[in-house]
Every structure is written in C-alpha cells, then in structure tokens.
Amino acid sequence: MYTKLHFKTEIAMTDDKLNRVNDDDEKKQLNIETIKELWSTTYNTDGKPDWSHIFKYYHKDIVFQDTIQRIEGIDDFIAMCNRLTKRTKQLKMEIVSIVQNDDTIIFEWIMTMMFKKYPSTPMYGCTKLKISNDNFILEQRDYYDLWGDIFNNIPRFGKMYRRFLIKKFG
C-alpha cells in the first residue's frame, strides 16, 4: 500500500505541562488519516499545544531518535516534549506530504522554531513512524539538518559553512 497526501498543519507551543493521558477512549487505527488528524490537533493555531491525546498512541517502550538524541521509554519521551515546550516561545509546523507502506508512516515537514531570544529558524525534515502490531507508535525517527538550517540564518557564516561542507564532503 502506498499513499501520498498533501496538507498543512500549524503548530503553536507554549509552556503548558504535557502529561500522558490514560483514558479509556478507544484508540483509532494508526494510518495516514489518523496521523494527520492527531498531528493537526496536537499542533493547533491557538498557541496552546495539547499532546495529551497523542501520548496514548505511543508504546510504553517507544524508541525516539533524532539528530541530537536517542530516547527510550514513554516517560523520557514525555520529558523531552516538556523540555522542548519550555525552550521555545513558539513552534510552527507545516506537514508537506505523508506516505504509508504497511506498518511504516513517513511525513515531510517544515518546522519553524521561535526561541525567546533568537529569530525564527525554519528546519526541514522528515519523521518516520514504525507502528506495532497492537497499534502503538513503537519507533519514531526524525531526520533533519539541525546545524545547516540554523547556520543559514547567521549572516556570512551560513555561506562559509556551506562552502566548507561542499569542499570537504561534496
């Protein structure tokens, strides 16, 4: 099965505390439409993120990995989300496309982080979700170029950084 959809989601994050909700509501089957709905609801335009509804979809042994960290377990994952919320003044995300192949869902995004003392910084990336047989997000891997996207916004330094990369690795 291969499906591709385009849509836009706005994210706004505040310092609200994130907690895992263990309610008895029936979970929906994780697929493109559900992920689209969950991320759209999580990252709303009212400036108040609400991740409580999404944590119930993460496996207790979730393995999250990105450019800077690897986290194992739902408690550490929720703590990471809390740290991100506290560090940023606002966070916006545009989900560009989404695909699914069996138990793997991948979506491409543009995330703009606004820190308390620094200008907005767009980052471009992808998220890969691995869905377990019992309908939980078992693995989440975020792919993005953290330093390149940040360095691009530093006058003169961004060009030097790109020239260095091309010279050494291109």
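User: What area does the protein expose, and what share of it do carbon and sulfur atoms supply?

Analyst: In this predicted model, the protein exposes about 10200 Å². Carbon and sulfur atoms supply 52% of that area.

User: What pattern do the helices and strands follow along the sequence?

Analyst: The protein has five helices and seven strands, and reading along the sequence gives β-α-α-β-β-α-β-β-β-β-α-α. Buried residues account for 42% of the 170 residues. Of the contacts with a separation of 6 or more, 57% are between residues 24 or more positions apart.

User: How do you know that the span of helix α3 agrees with its number of residues?

Analyst: Helix α3 covers residues 74-87, which is 14 residues. The expected span is 1.5 Å times one less than the number of residues, so α3 should span 20 Å, and its end C-alpha atoms are indeed 20 Å apart.

User: Which residues of α3 are buried, and what covers them?

Analyst: The buried residues of α3 are I74, F77, I78, M80, C81, N82 and T85. Their cover includes α2 (52-55), β2 (58-65), β3 (70-72), β4 (88-101) and β7.

User: Why is the aromatic pair of Y58 and F77 called tilted?

Analyst: The structure holds five aromatic pairs. In the pair of Y58 and F77, the ring centres are 4.5 Å apart and the planes make an angle of 35°. Centres within 6.5 Å qualify as a pair, and planes under 30 degrees apart would be stacked while those over 60 would be edge-to-face. The angle of 35° falls between those limits, so the pair is tilted. Y58 belongs to strand β2 and F77 to helix α3, so the pair ties together parts 19 residues apart in sequence.

User: What makes Y58 and F77 count as buried?

Analyst: The cut-off for a buried residue is under 20% relative accessible area. Y58 has 3% relative accessibility, so Y58 counts as buried. F77 has a relative accessible area of 4%, so F77 is buried as well. Y58 and F77 also belong to one aromatic cluster with F55 and F64.

User: What makes W109 and Y144 an aromatic pair, and why is that pair called tilted?

Analyst: The ring centres of W109 and Y144 are 6.0 Å apart, with 50° between the planes. The distance is within 6.5 Å and the angle is neither under 30 degrees nor over 60, so the two rings form a tilted pair. W109 lies in strand β5 (residues 104-115) and Y144 in strand β7, so this pair ties together parts 35 residues apart in sequence. Both W109 and Y144 are buried.

User: Why is N135 called buried, and where does N135 lie?

Analyst: N135 has a relative accessible area of 10%, and the cut-off is under 20%, so N135 is buried. N135 lies in the loop between β6 (121-131) and β7 (137-144).

User: How do you know that a polar contact joins the side chains of N135 and Q29?

Analyst: The distance is 3.4 Å, and a polar contact requires N or O atoms within 3.5 Å; the side chains of N135 and Q29 therefore meet that cut-off. In addition, a polar atom of the N135 side chain lies 2.9 Å from the backbone oxygen of K28. Beyond its neighbours within four places in sequence, N135 is in contact with K27, K28, Q29, L30 and Y57.

User: What makes the charged end of R141 sit over the ring of Y143?

Analyst: The charged end of R141 is 4.5 Å from the ring centre of Y143, and the distance cut-off is within 6 Å. K27 lies over the face of F136, at 3.1 Å from the ring centre.

Terms used:
Residues numbered from 1 in each chain as written. Predicted model: local features only at pLDDT ≥ 70, side-chain atom pairs only at ≥ 80, totals over all residues. Heavy atoms only, no water. Helix = DSSP H or I, 4+ residues; strand = E, 2+ residues; numbered from the N terminus. Buried < 20%, exposed > 50% of the residue type's maximum accessible area, 1.4 Å probe, protein only. Polar contact = N/O pair within 3.5 Å; in protein donor to acceptor, adjacent residues only side chain to side chain. Contact = heavy atoms within 4.5 Å. Areas by Shrake-Rupley, 256 points an atom, 1.4 Å probe, with all protein chains shown as cover. Lys NZ or Arg CZ within 6 Å of the ring centre and 35° of its normal.
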